[in-house]
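Visitor: Before we discuss any labels, could you put the structure in front of us?
Guide: Here it is, and after that we can take the terms one by one.

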Amino acid sequence: MLSKLPLALVLLLSAAALAADPVGWRTNGTGCYPAATPVTAWGADQNVVWKTPTDKWSNATPVLVEGKLFLLAEPDTLLCLNAADGAPLWSHANPREDTMTEADQALAAQQSAEYDKVNAEFQPVQKERNDARRKLQNAEKDLKKAQEARKKADATAPQDAAKQTPAPQAASAPSDEELAALQAAVDELKAQEEALKQQAAPFEKRLGELSEYRLPSTHGENGYTSSTPVSDGKNVYALFGTGVIAAYTGEGERRWIRFLAKPRQGWGHCMSPLLVDGKLIAHVEGTMFALNPETGETLWKQSVPHAWGSPVAATMGDTALIVSAKGVFLRASDGAVLAKAPVKTDYNAPLVVGDTVYFIENGGKAFRMTGIEGDALTLEELWKTEIPNDRYYASPILHDGLIYAIMQKGVFSVIDAKDGKPVYSESLKLGGTAYPSVALAGGYVFVSSDSGATAVLEPGRELKVLATNKLERFRSCPVFDGSRMFVRGYQNVYCIGK
């Protein structure tokens, strides 16, 4: 029976069942490469098989299919390298203009020109408003300090026993007149700021009306290419933070391109596309789309809360499921919402192993899927864990009964997958922010940071760091194949091996 098999083998079989032929984020979504035989030491001049420069950076993880490495580059480029030697094979940009009719392109150009004109008129008003806001904030701080000083002086001043009145204020305490003057300055600055807000409102309204065709806002560390492509072995599909999704053959011929929705989160888009149940799943903003991979046609769409962690595939019996980072369980065939787990994950992806789903962030929870009746999936909460409470941008792995996770500041935690009890938490001191997800390859645990540092650990209940290696900065997840490891850096793509 499957339950009698070693957990590592269960994980491998589950991943194979869920991902089958598709190759995408963390290869099969688990971050585990049990058949790999990687080196454990590397550097800029050590064990680098090849290094290929790229013109633009990206956070997307490389996707290896049939000897080809598919990657993204800012802001909307899909490129392909020969995995054997790193030679560039092809590269194609996918601007939103390619999804438009000629009439839409003309309208976009007209609106863009008007946006620039209105924005140029708005800049002085915006600067004046921002300056007024800063002055108000400083004045409010001065008033608060003065009020606190007065309160402290009143509390410590000796009382006149006969008259029961406070003694004269200490010289350091503000007088009534000084407090009144500070309050008046704050009130005046509030009025100025409110007037400037009213002056700015028409500009902001008009800029909002003209912004539909402009690039959405994003964070500098996120960009527009944080979503990893996915491939079914025949085509490769790339989703960009611009709201554009495109399909290409392995030879670089574009099959189709379309615009789904404009991401409006100021921090940008991260969720990677997913192939499940013969459908291409793309979660953009607050909508999850299921597309026909051959044509790009929408098969269904469902309202699902926005997150930055990618959705993953799962199965319950014969039913294919999609699990969002926010804990929404959808049926892949029609997008029906079957369950919602009470979790608080935002930044990383759920981890699915057989019928169990793990959410590691804000502590962590594990749920077992116990059955589906009609449009309802039953979830049994197995445990809740308490590990260092912070953002976990990196997604975890599970190996031999232990879950390995790292929070943004580099604190590495190991959790017992059976009962959720923390095994240990230690800082790896990698520097930077731990964006890359944890990986398992060749029996070792690989933990990276965007500083370019990667710690190679021996798995188990005690922290054993075997090596710490350094490359250029990167935020993507490492990918392993045989004796080789592929890393997408800011400026170069690396193949690491003997």
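Guide: An open sheet is built here from 4 strands in the order β13-β14-β15-β16, with antiparallel pairing. This is a predicted model, in which local features need pLDDT of at least 70 and side-chain atom pairs count only at pLDDT 80 or more, while totals for chains, interfaces and linings use all residues. Residues are numbered from 1 along each chain as its sequence is written, and side-chain values use heavy atoms, with hydrogens and water left out.

Visitor: What makes β13 and β16 edge strands?
Guide: Strands are DSSP runs of E of at least two residues, numbered from the N terminus, and two of them pair if DSSP finds at least two bridges between them. β13 (274-276) and β16 (298-303) each have a single partner strand, so one side of each is left without a neighbour in the sheet.

Visitor: How do you know that β15 and β16 pair?
Guide: The definition asks for at least two bridges, and 5 bridges join β15 (residues 287-291) to β16, running antiparallel, one example being leucine 291, whose bridge partner in β16 is threonine 298.

Visitor: Why is the pair of tryptophan 308 and tyrosine 347 called stacked?
Guide: A pair of aromatic rings is described by the distance of the centres and the angle of the planes. Rings of Phe, Tyr and Trp (its six-membered ring) pair if their centres lie within 6.5 Å, and planes under 30 degrees apart count as stacked, over 60 as edge-to-face and the rest as tilted. For tryptophan 308 and tyrosine 347 the values are 5.5 Å centre to centre and 15° between the planes, so the pair meets the definition of stacked.

Visitor: What does this pair tie together?
Guide: Tryptophan 308 lies in the loop between β16 and β17 (312-316), and tyrosine 347 in the loop between β20 (337-340) and β21 (351-353), so the pair ties together parts that are 39 residues apart in sequence.

Visitor: Why is tryptophan 308 called buried?
Guide: Buried means under 20% relative accessible area, exposed over 50% and partly exposed in between (1.4 Å probe, protein chains only). Tryptophan 308 has 15%, and therefore counts as buried, as does tyrosine 347 at 18%.

Visitor: What makes phenylalanine 359 and phenylalanine 367 an edge-to-face pair?
Guide: Their centres are 6.0 Å apart and their planes stand at 75°, so the edge-to-face definition is met. Both phenylalanine 359 and phenylalanine 367 are buried.
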